[in-house]
Amino acid sequence: MILKIVQVGDPVLRKRARALAPDEIGSPRITELIEMMRDTMRDAPGVGLAAPQIGVSLQLAVIEDTTHGMSAEALAVQQRSPVPFHVLINPTLRVEGEDVIEAYEGCLSFASFMMVVPRAVRVHVDALDETGTARTIDATGWYARILQHEIDHLHGIVCCDRMDSRTLTTVDNHARRR
Ligand code: ZN
């Protein structure tokens with residue numbers, strides 16, 4: 001089932017989401033929610049979706065970057081490579097090192113807008129997966145950007161909070177000017 005993605009201005013995007021309790025992880029309700037979030041992310045399409053974006057204030061996000069249709073050159077510029085589908089539950093993120101990279105990013109809750117957001121190049125994430133198993137992720141480049149973006153959503157932070165405000169553009173203008 002495809003869920004409605006809430007847009008910026010909806011208060012749920014500004015709330016700090018609640019952590020999932022151990023007995024919720026793997027429950028039919030959460031398993032079904034994860035499936036619907038996966039389908040909604042793929043339909044959008046997007047490379048990540050956090051539960052607050054479908055109006056559910058829980059520490060839960062899904063990520064998948066197929067990089068489908070991107071040229072090798074574009075992938076190299078973005079330091080980007082495919083990321084298989086996975087689930088983040090109750091994640092914590094630590095920035096590694098001081099390197100920061102600026103790039104245009106979008107958000108499914110900012111339909112039709114893009115903006116330059118500086119992000120740490122390297123991050124370490126501790127999270128649980130959909131079975132409640134602890135996972136650690138050490139990511140760089142575009143994957144590190146996706147993780148920072150989605151985990152921000154779980155804390156009520158959205159990309160315009162971190163953007164270079166003079167770079168805000170519509171998707172159409174961004175495509176026209178590159
Ligand atoms: Zn977003």
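Trainee: What makes up the sequence spacing of the donor residues of the zinc ion?
Mentor: The pattern is C-x41-H-x3-H. Before we go on, remember that this is a predicted model, in which local features need pLDDT of at least 70, side-chain atom pairs count only at pLDDT 80 or more, and totals for chains, interfaces and linings use all residues. Residues are numbered from 1 along each chain as its sequence is written, and side-chain values use heavy atoms, with hydrogens and water left out.

Trainee: How do you know which atoms coordinate the zinc ion?
Mentor: Check the distances: SG of Cys 107, NE2 of His 149 and NE2 of His 153 lie at 2.0 to 2.2 Å. A donor is an N, O or S atom within 2.8 Å of the metal (3.2 Å for Na, K and Ca), so these atoms qualify. Water is not among the atoms, so a site may look incomplete.

Trainee: What makes Cys 107 and His 149 a pair that links distant parts of the chain?
Mentor: They are 42 residues apart: Cys 107 is in the loop between strands E4 (100-106) and E5 (113-120), while His 149 belongs to helix H3.

Trainee: Are Cys 107 and His 149 buried or exposed?
Mentor: Both are buried. The word means under 20% relative accessible area; exposed is over 50%, and partly exposed is in between (1.4 Å probe, protein chains only).

Trainee: Why is H3 called mostly covered?
Mentor: Of its 13 residues, 13 are buried.

Trainee: And how do you know what span to expect for H3?
Mentor: The expected span is 1.5 Å times one less than the number of residues. With 13 residues, H3 is expected to span 18 Å, and it reaches 19 Å between its first and last C-alpha, so the two are close.

Trainee: Why is E8 called a strand?
Mentor: E8 covers residues 169-170. Strands are DSSP runs of E with at least two residues and helices are runs of H or I with at least four, both numbered from the N terminus, so E8 meets the minimum.

Trainee: How do you know that E8 pairs with E5?
Mentor: Two bridges join them, and they run antiparallel. Pairing takes at least two bridges found by DSSP, so this pair reaches the cut-off. Phe 113 stands opposite Thr 170 in E8.

Trainee: What joins E4 to E5?
Mentor: Seven bridges, again antiparallel. Among the facing residues, Tyr 104 stands opposite Val 116, and Gly 106 has Met 114 as its bridge partner. The two strands form a hairpin with six residues between them, and Ser 112 in the turn has a positive phi of about 80°.

Trainee: What is the order of the three strands in this open sheet?
Mentor: It is E4-E5-E8. E4 and E8 each have a single partner strand, so one side of each has no neighbour in the sheet. H3 packs on this sheet by touching E4 and E5, at about 65° to E4. Touching, or contact, means heavy atoms within 4.5 Å. Angles run from 0 to 180 degrees between N-to-C directions, with axes as lines fitted to C-alpha atoms, for helices over the stretch in contact.

Trainee: Which strands make up the sheet of five?
Mentor: That open, antiparallel sheet has the order E1-E2-E3-E6-E7. E1 (48-50) and E7 (134-140) are its edges because each has a single partner strand. H3 lies across E1, E2, E3, E6 and E7, running at about 125° to E7.

Trainee: Why is Asp 65 called buried?
Mentor: Its relative accessible area is 2%, which is below the burial limit, so the label fits. Asp 65 sits in strand E2, and the residues it touches include Val 47, Trp 142 and Ile 146.

Trainee: What makes the approach between the side chains of Asp 65 and Arg 80 a polar contact?
Mentor: They come to 2.8 Å. A polar contact is a pair of N or O atoms within 3.5 Å; within protein, one must be able to donate a hydrogen and the other to accept it, and residues adjacent in sequence count only if both atoms are side-chain atoms. The value is inside the limit, so the name fits.

Conventions. Lists of a residue's contacts leave out its neighbours within four places in sequence.
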